[in-house]
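Q: Here is a chain to go through, with labels to test against their definitions. Shall we start with a single residue?

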Amino acid sequence: MTSGTSGNNKRVELGDLATMKKAGQPITMVTAYDAPTARLVDQAGVDTILVGDSLSNVVLGYEDTVPVTLDEMIHHIKAVRRGTKRVFVIGDMPFGSYNGSTDQAVANATRILKEGRVAAVKLEGGGPMADKVRAIVEAGVPVCGHLGLTPQTASMQGGYRVQGRSAKAARQMVEDAMALQEAGAFMLVLEMVPKRLAEFISAKLQIPVIGIGAGNGCDGQVLVIHDLLGVDPNFHPKFLKRYADLGQVIHKAVGEYCTEVRARKFPNEEHSFHMPDEIWKALQGELGEDSED
Ligand code: KIV
């Protein structure tokens, strides 16, 4: 693969993403939560990894993104960072880690960057978050915004549904996007937004806009890696395209393993360690056992 930033081995930088926007070159982003997956994603040539707070429900088994803690996020962010060499890594700020004071937001964003060694953090919310974004950026931590469906506060948005459908709501989203850019955000994620609105916002902003469920007019796309790989066969929102059926692959492979263990077909000779006859005989002598074997 040679497109995007995958052509060379140096770490993707913020400036590379800005250059891609200017050049009209789509930016690829996927989520990852552990080192081996991050390594594969990095080697596959993706431009950016988001260690999303989707960690909460996708990996840790919580009901939604709200319960995951900052410590849990940092634990997984560090693993992802260790698994990568080239890709630009963004760490999500979990619910409750930036919703209080600006000082709290700056301290926690700094922790993610310092302990997780990420290139940037992401947080959800529009205009009301602008002051926090500005303060975090001024503290030296690049910030990616997130508008449209914001899962941490989805209950206040009437559930997991497309946002910005009315002219008033769409206008608010445009204003929020402008406010985040003005506050210093270097990138914006738009989730579950009508295609033409996302395209309009992408064209209006100078910073790259990454879509999920926002059509192909954005400057890039993001998907949750488990969704892209088809780990959960029961999850099929309209915006998702599955590029593999990993759920079925895992089911089949583990089933075959169980069948072979139960039939004593695994491990066979090929997967066993062998002891030379003379050692075996010496052991018999040591044990005082006279075996024919
Ligand atoms: O947490 C996450 O995975 C996200 C993406 C869906 C954008 O925020």
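A: Glu182 is exposed, at a relative accessible area of 59%. Exposed means over 50%, buried under 20%, and partly exposed in between (1.4 Å probe, protein chains only). This is a predicted model, where local features need pLDDT of at least 70, side-chain atom pairs count only at pLDDT 80 or more, and totals for chains, interfaces and linings use all residues. Residues are numbered from 1 along each chain as its sequence is written, and side-chain values use heavy atoms, with hydrogens and water left out.

Q: What makes Glu182 and Arg134 a salt bridge?
A: Their closest N and O atoms are 2.9 Å apart. The rule asks for a side-chain nitrogen of Lys or Arg within 4 Å of a carboxyl oxygen of Asp or Glu. The value is inside that limit, so the pair qualifies.

Q: Which parts of the chain does the pair link?
A: Distant ones: Glu182 lies in helix 7 (residues 167-183) and Arg134 in helix 6 (residues 130-138), 48 residues apart. Helices here are DSSP runs (H or I, at least four residues), and strands are runs of E, at least two, all numbered from the N terminus.

Q: Why is Arg134 called partly exposed?
A: Its relative accessibility is 26%. That falls between the buried and exposed cut-offs, so the middle label applies.

Q: How do you know that Arg86 and Asp42 pair as a salt bridge?
A: The closest N and O atoms of Arg86 and Asp42 are 3.5 Å apart, so the distance criterion is met. The pair links distant parts of the chain: Arg86 is in the loop between helix 4 (70-83) and strand 3 (88-92), and Asp42 is in helix 2 (residues 35-44).

Q: Are Arg86 and Asp42 buried or exposed?
A: Arg86 has a relative accessible area of 4%. Asp42 has 7% relative accessibility. Both values are under the buried cut-off, so both residues are buried.

Q: Why are Glu115 and Arg111 separated by about one helical turn?
A: Because they are four residues apart in helix 5 (residues 102-116). Their side chains meet in a salt bridge at 2.7 Å, N to O. Glu115 is partly exposed at 33% relative accessibility, and Arg111 is partly exposed at 27%.

Q: Which residues are linked with Arg111 and Glu115 in a network of salt bridges?
A: Asp71 joins Arg111 and Glu115 in that network. By the rule, the total comes to 10 salt bridges.
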